[in-house]
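Thanks, everyone, for making the time this morning. I would like to walk you through one part of a structure, so please have the sequence and the model open in front of you.

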Amino acid sequence: MFTEKKDIKSFTLQELTEELLSMGEKKFRAGQVFDWLHKRGVTEFSQMTNLSADLRERLDGQYTIVTLREVKRLASAQDETLKFLFALPDDKVIESVFMKYKHGNSVCISSQAGCRMGCRFCASTLGGLERNLTASEMLEQIYRIQELTGERVSNVVVMGTGEPMDNYDSLVRFLRLISASEGQGMSIRNITVSTCGIVENMRRLAEEGLPVTLALSLHAPNDEARRRLMPVANKYALADVLAACDYYFEKTGRRISYEYSLVAGENDTEAEADALGRLLKGKNCHVNLIPVNPIKERDYKQSSFKNVLNFRKRLEKYNINVTIRRELGADIGAACGQLRKSHLDEASAQGETT
Ligand code: SAH
């Protein structure tokens with residue numbers, strides 16, 4: 001009978017220990033396997049040279065090492081940003097971005113193949129949700145990029161395709177694995193998770209003992225305007241989303257980052273800046289203004305630079321810390337989901353003609 005092989009890279013060290021003990025192996029073997037998988041990023045059991053050939057074979061019979069395959073790479077001519085299109089083991093595709101900053105290298109990872117949140121300006125959601133990613137597939141985006149670039153990654157933002165709070169269990173498993181001292185040992189403080197505001201899971205995350213920076217995609221200062229841009233706002237009222245952010249700050253001491261994509265004529269007036277200022281005044285937070293990256297399927301336009309600067313100035317009057325997101329890799333369509341979308345469009349066009 002065919003039984004599916006287990007995804008060994010998604011096991012925590014403790015779980016892996018139980019697996020190896022049940023195979024009749026000694027406990028320390030789990031540490032060796034974990035080290036190969038998470039520190040050295042091997043892709044085959046045959047590479048685990050400190051294990052006996054017999055054990056390597058038995059592992060190979062029961063487990064699979066999830067590995068991503070590079071399908072395409074775009075390199076920015078303006079900066080050192082790289083965008084990768086990776087194929088998952090079942091050939092679905094996702095994208096990840098590598099960015100260089102003065103403080104270290106950062107990778108933006110996807111948490112789902114596609115997305116079901118439906119934000120009006122976002123390319124990732126146009127084809128709906130294909131499936132959740134496993135923790136190993138989230139980790140692999142970082143491991144593969146380190147391997148392919150030869151660079152060390154110190155920061156991760158879960159801001160690529162997908163809604164991480166809609167894939168909560170894999171997200172938490174991923175966070176535990178990437179920060180495990182026996183593996184990459186990445187500092188939880190160097191990780192940012194961005195959400196469109198799924199209230200119950202924001203509250204759950206506050207209690208996991210994993211104090212990542214939480215970024216909340218706000219994009220409007222009131223329910224009515226927010227509902228026009230983000231269907232998820234029909235489910236969760238702004239007041240409840242902000243209360244969950246306050247709770248997150250209270251529990252973790254981590255300052256919330258509010259993201260606000262500026263869309264000409266939709267959410268970028270002075271009145272909206274003032275409303276946002278009143279909403280966030282007195283909170284220990286940070287606002288990140290993102291001039292919207294237009295996608296061809298919608299006719300949303302970027303706010304003018306003058307409007308963006310003006311919006312920031314108005315907000316600063318409320319003593320709010322504001323930055324305007326520097327556009328890295330703008331020439332390679334680094335906005336959410338654009339590379340994946342164009343790849344899927346090409347694939348389906350080819351399918352029609354052949
Ligand atoms: N689902 C999560 C994370 C992925 S999107 C979330 O909603 O936060 C990461 C950020 O990019 C979000 O703030 C999202 O609203 C924003 N975004 C998506 N498409 C964009 C576009 N075309 N231009 C500007 N920002 C965009």
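Let me start with a pairing: Ser217, at one end of the story I want to tell, stands opposite Glu259 in strand S12. Please keep in mind throughout that this is a predicted model. The pairing belongs to a wider arrangement, in which S11 and S12, the latter covering residues 256–262, run parallel and are joined by three bridges.

Turning to the other neighbour, strand S10, residues 191–195, also runs parallel to S11, and here four bridges join the two. Within that pair, Thr192 is the residue that stands opposite Thr213 in S11. To get from S10 to S11 the chain passes through helix H6, residues 199–206, and this β-α-β crossover is right-handed.

So which way do the side chains of S11 point, and are they buried or exposed? Thr213, Ala215 and Ser217 point one way, while Leu214 and Leu216 point the other way, and all of them are buried. Put for the strand as a whole, S11, residues 213–217, is mostly covered, with five of its five residues buried.

Finally, a helix that brings us back to S12. In H9, which spans residues 270–280, the buried residues are Glu272, Ala273, Asp274, Leu276, Gly277 and Leu280. The buried residues of H9 pack against S12, and also against helix H8 (238–252), strand S13 (285–291) and helix H10 (305–316). After H9 comes Gly282, whose phi is positive, near 85°.

Terms used
Residues are numbered from 1 along each chain as its sequence is written. This is a predicted model: local features need pLDDT of at least 70, side-chain atom pairs count only at pLDDT 80 or more; totals for chains, interfaces and linings use all residues. Side-chain values use heavy atoms; hydrogens and water are left out. Buried means under 20% relative accessible area, exposed over 50%, partly exposed in between (1.4 Å probe, protein chains only). Two strands pair if DSSP finds at least two bridges between them. A crossover is right-handed if, with the strands pointing away from the viewer, the path from the first strand over the helix to the second runs clockwise. Contact means heavy atoms within 4.5 Å.
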